[in-house]
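Me: I would like to learn how to read a protein structure step by step. Could you walk me through it?

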Amino acid sequence: VAERLGGSTVRGGNSVEFISDAQEFERALVTAIDGAKDHVHLLYFIFEDDEVGRRVAASLERAAARGVKVRLLADAAGSWSLFDELGDRLRRAGIDVRDHLPVNPLRRRLVRFDLRNHRKLAVIDGLEAFTGSHNIVSPLVGLSKRMVERGAAWLDVTARVRGPAVTQLACVF
């Protein structure tokens, strides 16, 4: 299916680690960004200006300060808070911050607002990638107080990939 529909050749030699804990995902991503030497490419549906987003943003700023090329592409609707103060701060740090699928209220009748890019992808130096369902946001976002009291959990899983598949994920970015 990958070869026929996506034009991607299936290649062996990859290692995949699944991360389900949101804090563990954040730590792994920040550690990978802090170790970047050449480039960091992030594509996220939700990148919030909250405690998680600010910690990831700080790692992006540290990478840019080391001379690493940092690009951040985020969905305009899902990441609306990013494109305010935090986005401006990242741009001043030399990070290429772009919104994906901009929202234009004047065109609302012409396009479907609900068709968004829900991808979550980070590629570090072309050697390591993270892809899955974690966004860059507090894991409690989207849960009402009542849901939290009942013990509801937001269940996400991200794959940390190393090997030839990272190049293919970089092409997706």
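Me: Let me start with one residue: is R89 buried, exposed or partly exposed?

Reply: Buried means under 20% relative accessible area, exposed means over 50%, and partly exposed lies in between (1.4 Å probe, protein chains only). R89 has a relative accessible area of 30%, so R89 is partly exposed. Before we go on, this is a predicted model, in which local features need pLDDT of at least 70 and side-chain atom pairs count only at pLDDT 80 or more, while totals for chains, interfaces and linings use all residues. Residues are numbered from 1 along each chain as its sequence is written, and side-chain values use heavy atoms, with hydrogens and water left out.

Me: Thanks! How many helices and strands does the protein chain have?

Reply: Helices (H or I, at least four residues) and strands (E, at least two) are DSSP runs, numbered from the N terminus. Here the protein chain has six helices and seven strands. Along the sequence they follow the pattern α-β-α-β-α-β-α-β-β-β-α-β-α. Of the chain's 173 residues, 40% count as buried.

Me: Which side chain does R89 meet in a salt bridge?

Reply: A salt bridge is a side-chain nitrogen of Lys or Arg within 4 Å of a carboxyl oxygen of Asp or Glu. In this model R89 meets E61, at 2.8 Å from N to O. R89 lies in helix α4 (residues 85-92) and E61 in helix α3, so the pair ties together parts that are 28 residues apart in sequence. A search of the whole structure finds nine salt bridges.

Me: Which other residues form salt bridges?

Reply: One of the pairs is R62 with D34, at 3.0 Å from N to O. This pair links distant parts of the chain, with R62 in helix α3 and D34 in helix α2, 28 residues apart. Another is D88 with R91, whose closest N and O atoms are 3.4 Å apart. Both lie in helix α4, three residues apart, about one turn of the helix. There is also a network of salt bridges linking E17, E128, R160 and R162.

Me: How do I read a helix, and which residues of α2 are buried?

Reply: Begin with length: the expected span of a helix is 1.5 Å times one less than its number of residues. Helix α2 (residues 22-34) has 13 residues and reaches 18 Å from its first C-alpha to its last, close to the expected 18 Å. Its buried residues are F25, E26, A28, L29, V30, A32 and I33. They pack against several elements, including β1 (15-19), β2 (39-44) and α3 (51-65).

Me: What caps the N-terminal end of α2?

Reply: To read a cap, look for a polar contact, which is a pair of N or O atoms within 3.5 Å; within protein, one must be able to donate a hydrogen and the other to accept it, and residues adjacent in sequence count only if both atoms are side-chain atoms. Here the cap is D21, with a side-chain oxygen 3.2 Å from the backbone nitrogen of Q23.

Me: Now a strand residue: is K120 buried or exposed?

Reply: K120, in strand β5, has a relative accessible area of 13%, so K120 is buried. Its side chain reaches the backbone oxygen of H118 at 2.8 Å. Contact means heavy atoms within 4.5 Å. Leaving aside neighbours within four places in sequence, K120 is in contact with residues including L43, Y44, F45 and F130.
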